[in-house]
Amino acid sequence: MRRSKKRKRSLSRSKFEVKEVLELLSNTDDGMFATDADGKILLWNRSAQEILGFQTEEVVGKRCHELLSAQDPAGNLFCFKGCSVLTMARRHQLVRNYNTEMMTKTKRKVWLNTSILLVSGRGWG
């Protein structure tokens with residue numbers, strides 16, 4: 001009986017291009033937006049437009065805290081420069097989903113559940 005040689009497989013993580021990730025996110029029925037590490041909005045999908053009333057052209061390039069001004073369930077300001085979500089994301093820490101009350105373009109308050117997807121890859125600032 002001969003001993004077979006096992007091949008070593010490379011288990012490298014696949015890297016995504018930013019445009020590929022943004023394309024995937026833009027095609028969901030959930031309201032979705034993407035930011036860079038500084039909170040600058042890179043993507044604002046059609047569902048986010050319908051939920052919050054802001055058109056893509058109005059938000060892309062702005063920082064999320066300048067636009068959203070979300071509050072937590074206790075009424076505390078949740079979105080601000082250097083918020084805990086961006087701090088954790090920069091550290092590549094997982095962020096649990098959370099509920100916040102956000103203001104629409106027409107100043108109507110809506111409760112939203114937010115999930116964070118951390119993505120890194122080529123071209124991701």
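Biologist: Why does Val-85 count as buried?

Modeller: The relative accessibility of Val-85 is 11%, and a residue is called buried under 20% relative accessible area, exposed over 50% and partly exposed in between, with a 1.4 Å probe and protein chains only. Because 11% is under 20%, Val-85 counts as buried. Please keep in mind that this is a predicted model, in which local features need pLDDT of at least 70 and side-chain atom pairs count only at pLDDT 80 or more, while totals for chains, interfaces and linings use all residues. Residues are numbered from 1 along each chain as its sequence is written, and side-chain values use heavy atoms, with hydrogens and water left out.

Biologist: Which residues is Val-85 in contact with, leaving aside its neighbours within four places in sequence?

Modeller: Val-85, whose place is in helix α5, is in contact with Phe-78, Val-95, Tyr-98 and Ile-116, where contact means heavy atoms within 4.5 Å. For Val-85 and Val-95, the C-alpha atoms are 6.8 Å apart in space, although the two residues are 10 apart in sequence.

Biologist: What makes Phe-78 and Tyr-98 an aromatic pair that is tilted?

Modeller: A search of the whole structure finds two aromatic pairs. A pair of aromatic rings is described by the distance of the centres and the angle of the planes. Rings of Phe, Tyr and Trp (its six-membered ring) pair if their centres lie within 6.5 Å, and planes under 30 degrees apart count as stacked, over 60 as edge-to-face and the rest as tilted. Phe-33 and Trp-44 form one such pair, at 5.6 Å centre to centre, and their planes are 40 degrees apart, so the pair is tilted. This pair links distant parts of the chain, with Phe-33 in strand β1 (residues 33-35) and Trp-44 in strand β2, 11 residues apart. Phe-78 and Tyr-98 lie 4.7 Å centre to centre with 40 degrees between the planes, so their pair is tilted by the rule as well. Phe-78 is in the loop between α4 and α5 and Tyr-98 is in strand β3, so the pair ties together parts that are 20 residues apart in sequence.

Biologist: How do you know that Phe-33 is partly exposed?

Modeller: The relative accessible area of Phe-33 is 30%, which lies between 20% and 50%, so Phe-33 is partly exposed. Its partner Trp-44, by contrast, counts as buried at 3%.

Biologist: What makes the contact of the side chain of Asn-45 with the backbone oxygen of Asp-30 a polar one?

Modeller: A polar contact is a pair of N or O atoms within 3.5 Å; within protein, one must be able to donate a hydrogen and the other to accept it, and residues adjacent in sequence count only if both atoms are side-chain atoms. A polar atom of the Asn-45 side chain lies 2.9 Å from the backbone oxygen of Asp-30, so this distance is within the limit. The side chain of Asn-45 also reaches the backbone oxygen of Thr-28, at 3.4 Å. Asn-45 sits in the loop between β2 (41-44) and α2 (46-52) and counts as buried at 2%.

Biologist: Why does Lys-107 count as exposed?

Modeller: Lys-107 has 63% relative accessibility, which is over 50%, so Lys-107 counts as exposed. Lys-107 is in the loop between β3 (98-103) and β4 (109-114), and has a positive phi of about 70 degrees although it is not a glycine.

Technical notes:
Helices (H or I, at least four residues) and strands (E, at least two) are DSSP runs, numbered from the N terminus.
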